[in-house]
Amino acid sequence: MTLHATEPAAATDAVLDREETISRDELEALQLSRLQHTVAYAYDRVPLYKRKFDEAGVHPTDLRELADLGKFPFTTKEDLRLEYPFGMFAVPQHEVARIHASSGTTGRATVVGYTKKDLADWAKLVARSLRASGVRPGMKVHNAYGYGLFTGGMGAHAGAEALGCTVIPISGGQTERQITLIQDFKPDAILATPTYLLTIADAMMKQGIDPASTSLKYAVLGAEPWTEEMRHELETTMNIKACDIYGLSEVMGPGVAGEAVETQDGSHIWEDHFRPEIIDAFDPTKVLGDGEHGELVFTSLTKEALPIIRYRTKDLTRLLPGTARPAHRRMGRITGRSDDMIILRGVNLFPSQIEEIALRIPELSPHFQLELTRPEGQRMDQLTVKIERRESVTVEGVASAAKVLQQQIKIHVGSSCTVNVVEPGSLERSNGKLRRIYDMRPKG
């Protein structure tokens, strides 16, 4: 089957920003200049940074080369919560053009602000990311990221408009309506979380619609970790090219990094605006080299309203040399978040590991949940993997697939578990970000 996405012009035919084409030496010189300005700017304008720098015994003048960034203290989500709502802002209120915030479901919301220049830079970087992923001016873009205080919807929307696209602002949810508009409006590209695009594809099949028959050619997916196996599932099912887009509200929103459609080998970080580091998640004093796996840390280089210095993202990945954009390093696949890691009987486990293993077993679908329990009177935690079978699988096939998954988890993860293969459509579907882990262990 020939993919739709081979028909339009390749990404190399697009007009790139000058900063996408400069040498690594030029880029690092630009980074140092912008980094020195940002660190001094944050120290002068944000009381938290003056206090943290002073307590750490460092001053902006200590930053003479890029490696000196490691001398400066980290910023954490807790710092933003303690400064709620506007204590992290470096400009007066009348210069803040827009405010976004996290949901606050796991604590006090984190609040971020943008000047007009910040919004223009953000739109430019999202446009750059979309263009890298195959989207072109004049295309219709179906935006299924959630609108509102979440940065995804409006950030993606502004970037698509800046690229010169026609935007369909459907937001998340209302899956039946999403399908109707995809059929009627015939968009070229869709922006969504990978699990929500999977939900749309499943709903199409239930309506008797072949997901591969739509007008969609490209999907730009983010806001949650996903695997190469999930990419293959979506591309095969929907006859599209699927690329990653990365971002987080505290650093900017979507568009911090984007994946090139011609290589599909990880998202290039737009290092003219952000300086990435990898640290040892268990010993954050250790800054790791390129290629080493650890926690991703970002420092903004151009933000006005909310400069961010060495923000600990909790995302686990590694930095790799640039390919489609040689000067800009790539992120490896995010294997999980350090705060989403399950420690099961001394073994570290991430939901993405289960996804990777399960999607190699033809009888099993990508829809699964992980349940953690501790039966009464027992000291050991128990993991149950609940996963849907595919429609065509027989009873015999279910039993065989469950046994294979159980064995593969034991071999590749190192932990025993129970596998419960359930009926298609019986597990919760994504309307945006999907909850994978259900922790039912006694608290305290």
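1. P85 sits in the loop between α4 (77-82) and β1 (98-101). In this predicted model, the peptide bond that runs from Y84 to P85 is cis, and its omega is near -5°. Most peptide bonds are trans, and most residues other than glycine have a negative phi. The first part of that rule applies to this point, and the second part to the next.

2. Two residues have a positive phi although neither is a glycine: for A223 the angle is about 80°, and for N239 about 55°. A223 belongs to the loop between β6 and α9, while N239 belongs to the loop between α9 and β7. Are these two residues buried or exposed? A223 has 33% relative accessibility, so it counts as partly exposed. N239 has a relative accessible area of 5% and is therefore buried. The cut-off for buried is under 20%.

3. Helix α9 covers residues 228-238, and N239 follows it. Of the eleven residues in this helix, eight are buried, so the helix is mostly covered. The buried ones are E229, M230, R231, E233, L234, E235, T237 and M238. What lies over them? The cover includes two helices, α8 and α10, together with the strands β6 (218-221), β7 (241-248), β8 (253-259) and β19 (364-373).

4. Helix α5 runs over residues 116-132, which makes 17 residues. From the first C-alpha to the last it reaches 24 Å, close to the 24 Å expected at 1.5 Å a residue. Because 13 of its 17 residues are buried, α5 is largely enclosed by the rest of the structure. Just after this helix comes G134, with a positive phi of about 110°.

5. Helix α2 (residues 24-45) packs against helix α3 (residues 47-56), with the axes 5 Å apart and an angle of about 105°. The two helices are therefore roughly perpendicular to each other. On the α2 side, the contact is made by V39, A42, Y43 and R45. On the α3 side, P47, Y49, K50, F53 and D54 take part.

6. Helix α7 (residues 175-185) packs against α8 at an angle of about 75°, and their axes are 10 Å apart. That angle is why α7 counts as roughly perpendicular to α8. T175, E176, Q178, I179 and I182 of α7 meet Y196, T199, I200, A203 and M204 of α8.

7. T199 deserves a separate look. This residue is placed in helix α8 (residues 194-206). Its relative accessibility is 7%, so T199 counts as buried. Which residues does T199 contact, leaving aside its neighbours within four places in sequence? They are T175, R429 and S430. T175 also appears in the contact between α7 and α8.

8. The axes of helix α10 (residues 351-358) and helix α11 (residues 395-412) come within 10 Å and cross at roughly 130°. At that angle, α10 is oblique to α11, because the range for roughly perpendicular is 65 to 115 degrees and roughly antiparallel begins over 145. I354, I357 and A358 of α10 make the contact with L405, Q408, I409 and H412 of α11. The crossing is right-handed.

9. A401 is another residue of helix α11. With a relative accessible area of 2%, A401 is buried. Not counting residues up to four places away in sequence, A401 touches I361, E363 and L364. How far is A401 from Y49? The two are 352 residues apart in sequence, and their C-alpha atoms are 53 Å apart in space. Y49 is one of the α3 residues in the contact with α2.

10. The last point concerns cysteines. A disulfide is a covalent bond between the sulfur atoms of two cysteines. How many disulfides does the model contain? The count comes to zero, with the cut-off for a pair of sulfur atoms set at 2.5 Å. For C243, the closest cysteine sulfur belongs to C165 and is 14 Å away, which is too far for a bond. C243 has 0% relative accessibility, so it counts as buried. C417 also counts as buried, because its relative accessibility is 8%.

Terms used. Residues numbered from 1 in each chain as written. Predicted model: local features only at pLDDT ≥ 70, side-chain atom pairs only at ≥ 80, totals over all residues. Heavy atoms only, no water. Helix = DSSP H or I, 4+ residues; strand = E, 2+ residues; numbered from the N terminus. Expected span 1.5 Å × (residues − 1). Buried < 20%, exposed > 50% of the residue type's maximum accessible area, 1.4 Å probe, protein only. Axes fitted to C-alpha atoms, helices over the stretch in contact; angles between N-to-C directions. Parallel < 35°, antiparallel > 145°, perpendicular 65-115°, else oblique. Left-handed = near helix turned anticlockwise from the far one by under 90°. Contact = heavy atoms within 4.5 Å.
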